[in-house]
Amino acid sequence: GVMPPTEHSDFLEPDTAYNNNCDMNSARYFYRRCQELCIPTVTLTRWAAYGCPITNDVFDDCCKTAHMVATNTRRVSMCTINQLWTKVNLPESDPRREKLPARCDRRWFCRTFLGMEDTNRSSSNSIWPMLTRLHMYDPLSMMVCVSAYRETYFHWESKVVNGVRHKYCGVSETNTGVIDATALRDKLGSLLQLSLRSALQNIS
């Protein structure tokens, strides 16, 4: 994601999202060079993903297609979220947190994924059954690649650099850029199931 530009900023700058934080120097270089070279960018921030949370039921629904990708995705997602749950319960200085930003602590996890301030569940127990707010970063980014979806479901801010307009969606927790979360959630779920069923129909 990107940070909302200030009145005096010349360029859009990457924010502290996990993918940027893994190599912030590279992220800064990428955004800066795209703007210097007049390559237009479209950025969906984490706030946009937060604006369209889903429950883990979407994975169960996809598994009903009997596609192995759906089953594997559910398994990997469960493992990944449980690993994150373990990391956020570790002290900030613990190397096992790896590249996880300091803001991502237990309270952040509970608010982001559970919709509550805290839980009595320990870090050694699976958090998967309690999830109420999962965020589909990559699938939403894929939807943004389709112009009809991009304009229907998302509200875009922009900054012009060197005569080129750079668009970004989601600037804060209260301004996510999602126009209708329910409609977007339903469309995302239907597209996921359609893709899985279509893939099975093409098997000879």
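This is a short walk through one protein chain, from its overall fold down to a few single residues.

Please keep in mind that we are looking at a predicted model.

Let me start with the whole chain. How many helices and strands does the protein chain have? There are nine helices and five strands. Now follow the order along the sequence. The pattern reads β-β-α-α-β-α-α-α-α-α-α-β-β-α. So much for the order of elements.

Next, the overall dimensions. The C-alpha trace spans about 50 × 50 × 30 Å along its principal axes. Does that go with a compact or an extended chain? Take the radius of gyration. For 204 residues, a compact globule would come out near 17 Å. The protein chain has 18 Å, so the value agrees with a compact globule.

Now contacts. Consider contacts between residues at least 6 apart in sequence. Of these, 58% join residues at least 24 apart.

On to burial and surface. Buried residues account for 39% of the 204 residues. The accessible surface is about 11700 Å². Carbon and sulfur atoms hold 53% of that surface.

And charge. The protein chain carries 24 positive side chains and 21 negative ones. The centres of these two sets lie 3 Å apart.

Let's move to the aromatic residues. The structure holds eight aromatic pairs. One of them is Y149 with Y153, and this pair is tilted. Their rings sit 6.2 Å apart, centre to centre, with 50° between the planes. Where do these two tyrosines lie? Both are in helix α8, residues 147–153. Y149 and Y153 are four residues apart, about one turn of the helix. An α-helix has 3.6 residues a turn, so residues three or four places apart point the same way. Are the two buried or partly exposed? Y149 is partly exposed, because its relative accessible area is 21% and buried means under 20%. Y153 has 11%, so Y153 counts as buried.

There is also an aromatic cluster. Which residues form it? They are W85, W108, F109 and F113.

That brings us to helix α6, residues 106–114. Its buried residues are W108, F109, C110, T112, F113 and L114. What covers the buried residues of α6? The cover includes α3, residues 46–50, and α5, residues 68–88. Just past the end of α6 comes G115. G115 takes a positive phi of about 70°.

Stay with phi for a moment. Most residues other than glycine have a negative phi. Here are two residues to look at with that in mind. C38 is not a glycine, yet its phi is positive, about 60°. C38 sits in the loop between α2, residues 24–36, and β3, residues 42–44. With a relative accessible area of 35%, C38 is partly exposed. The second is A66, also a residue other than glycine, with a positive phi near 65°. A66 lies in the loop between α4, residues 57–63, and α5. Its relative accessibility is 61%, so A66 counts as exposed.

Three more stops, one residue at a time.

M24 is in helix α2. M24 is buried, because its relative accessible area is 16%, under the 20% cut-off. Which residues does M24 touch, leaving out those up to four places away in sequence? M24 touches P14, D15 and T16. Now compare M24 with E151, 127 residues away along the chain. Their C-alpha atoms are separated by 30 Å.

Next, T80 in helix α5. T80 is partly exposed, at 44% relative accessible area. W128 is 48 residues from T80 along the chain. The C-alpha atoms of T80 and W128 are separated by 9.8 Å.

Last, H135. Find H135 in the loop between α6 and α7, residues 137–144. Its relative accessible area is 8%, so H135 is buried. What does H135 touch, again not counting residues up to four places away in sequence? The list is A49, Y50, P53, T112 and F113. T112 and F113 came up before, among the buried residues of α6. F113 is also part of the aromatic cluster. For a distance, take S122, 13 residues from H135 along the chain. The C-alpha atoms of H135 and S122 are separated by 22 Å.

That is the tour.

Methods: Residues numbered from 1 in each chain as written. Predicted model: local features only at pLDDT ≥ 70, side-chain atom pairs only at ≥ 80, totals over all residues. Heavy atoms only, no water. Rg over C-alpha atoms; globule rule 2.2 N^0.38 Å. Buried < 20%, exposed > 50% of the residue type's maximum accessible area, 1.4 Å probe, protein only. Contact = heavy atoms within 4.5 Å. Areas by Shrake-Rupley, 256 points an atom, 1.4 Å probe, with all protein chains shown as cover. Lys, Arg positive; Asp, Glu negative; His and termini not counted. Charge placed at Lys NZ, Arg CZ, Asp CG, Glu CD. Phe/Tyr/Trp six-rings, centres within 6.5 Å; stacked < 30°, edge-to-face > 60°.
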